[in-house]
Amino acid sequence: MDCIFCSVANHTRKAYIIYEDDQHMAFLDRYPLSWGHTLIIPKRHYTVLSDMDAGSVGRLFSLVSVLAPAILDVVGTPAFNVTQNNGSEAKQLVPHVHVHIIPRHPERPIQWNARLFISDERFCKLADEIRRLL
């Protein structure tokens, strides 16, 4: 199987990792909707949320409350969206379960079809700042 997120979880594809444990990983979205946009994945491959058991889903989503405060503090905003898409018809672009934490900046509305392009240097700095708060 050629899964981008499995490659990230196996450390064979570059990612700006902000959190990792035995079962999960969180990293900055390479083409974010907003500054600080983060993805949380299970390391084990599941295509859609309904492939997972309830306990695994709960553990995955519990990381939102752990990670979001640090992300929001670093990017300087009080608000965020949590999204999770299942299947191509639901706009799931990578067929590996992932949860989005999308910081919302009041002065910068999100254009849902536009992505930011950010330098490696800025990504590395942001990831370092978030990890320091976790």
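**Exercise 1. Identify the bridge partner of T38 in β5 and describe the surroundings of T38 in this predicted model.**

Solution.

Step 1. The partner of T38 across the bridge to β5 is I101. The model on which this and every later step rests is a predicted one.

Step 2. T38 itself belongs to strand β3, which covers residues 38-42.

Step 3. The relative accessibility of T38 is 0%. Buried means under 20%, and T38 therefore counts as buried.

Step 4. Beyond the neighbours within four places in sequence, T38 is in contact with I18, A26, F27, L28, D29, I71, V99, H100 and I101. The bridge partner I101 is thus among the contacts of T38.

Step 5. A polar atom of the T38 side chain lies 2.8 Å from the backbone oxygen of G36.

**Exercise 2. Determine the strand order of the sheet and state which strands are at its edges.**

Solution.

Step 1. The sheet is open, has five strands and follows the order β1-β2-β3-β5-β4, with antiparallel pairing.

Step 2. β1 and β4 each pair on one side only, and these two are the edge strands.

Step 3. On average, and with direction ignored, neighbouring strands of this sheet are turned by 15 degrees against each other.

Step 4. The pairings can now be taken in turn. β1 and β2 are antiparallel and share three bridges; here E20 stands opposite M25 in β2. β2 and β3 are joined by five bridges and run antiparallel; F27 stands opposite L39 in β3. Between β3 and β5, also antiparallel, there are three bridges.

**Exercise 3. Decide whether β3 is enclosed or open to the outside, and state which helices lie across the sheet strands.**

Solution.

Step 1. Five of the five residues of β3 are buried, so the strand is largely enclosed by the rest of the structure.

Step 2. In a regular strand the side chains alternate between the two faces of the sheet. The two sides are therefore to be examined separately.

Step 3. On one side of β3 are T38, I40 and P42, and on the other L39 and I41; all are buried, and both faces are covered.

Step 4. Helix α2, residues 54-75, lies across β1, β2, β3, β4 and β5, and runs at about 25 degrees to β5. Helix α3 lies across β1 and β2, at about 35 degrees to β1.

**Exercise 4. State how many aromatic pairs the whole structure holds, and classify the pair of F5 and F27 and the pair of Y16 and F123.**

Solution.

Step 1. A search of the whole structure yields three aromatic pairs. Two of these are treated here, including that of F5 and F27.

Step 2. A pair of aromatic rings is described by the distance of the centres and the angle of the planes.

Step 3. For F5 and F27 the centres are 5.5 Å apart and the angle between the planes is 70 degrees. Planes over 60 degrees apart count as edge-to-face, and the pair is classified accordingly.

Step 4. F5 is in helix α1 (residues 4-9) and F27 in strand β2 (residues 24-28), so this pair ties together parts 22 residues apart in sequence. F5 is buried at 7% relative accessible area, and F27 is buried at 4% relative accessibility.

Step 5. The ring centres of Y16 and F123 are 4.6 Å apart and the planes stand at 15 degrees, so this pair is stacked. Y16 is in the loop between α1 and β1 (17-20) and F123 in helix α3 (residues 120-133), so that distant parts of the chain, 107 residues apart, are linked. Y16 and F123 are both buried.

Step 6. Rings also meet charges. The charged end of R122 sits over the ring of W35, 4.3 Å from the ring centre, and that of R30 sits over the ring of Y31 at 5.9 Å from the centre.

**Exercise 5. Locate H96 and decide whether H96 is buried or exposed.**

Solution.

Step 1. H96 is in the loop between β4 (79-83) and β5 (99-104).

Step 2. With 0% relative accessibility, H96 counts as buried.

Step 3. Apart from neighbours within four places in sequence, the contacts of H96 include C3, F5, C6, I41, R44 and H45.

Step 4. The side chains of H96 and H45 are joined by a polar contact of 3.0 Å.

Step 5. H96 and R44 are 52 residues apart along the chain, while their C-alpha atoms are separated by 9.0 Å.

Definitions and conventions. Residues are numbered from 1 along each chain as its sequence is written. This is a predicted model: local features need pLDDT of at least 70, side-chain atom pairs count only at pLDDT 80 or more; totals for chains, interfaces and linings use all residues. Side-chain values use heavy atoms; hydrogens and water are left out. Helices (H or I, at least four residues) and strands (E, at least two) are DSSP runs, numbered from the N terminus. Buried means under 20% relative accessible area, exposed over 50%, partly exposed in between (1.4 Å probe, protein chains only). Contact means heavy atoms within 4.5 Å. A polar contact is a pair of N or O atoms within 3.5 Å; within protein, one must be able to donate a hydrogen and the other to accept it, and residues adjacent in sequence count only if both atoms are side-chain atoms. Rings of Phe, Tyr and Trp (its six-membered ring) pair if their centres lie within 6.5 Å; planes under 30 degrees apart count as stacked, over 60 as edge-to-face and the rest as tilted. A charge sits over a ring if NZ of Lys or CZ of Arg is within 6 Å of the ring centre and within 35 degrees of the ring normal. Two strands pair if DSSP finds at least two bridges between them. Axes are lines fitted to C-alpha atoms, for helices over the stretch in contact, and angles run from 0 to 180 degrees between N-to-C directions.
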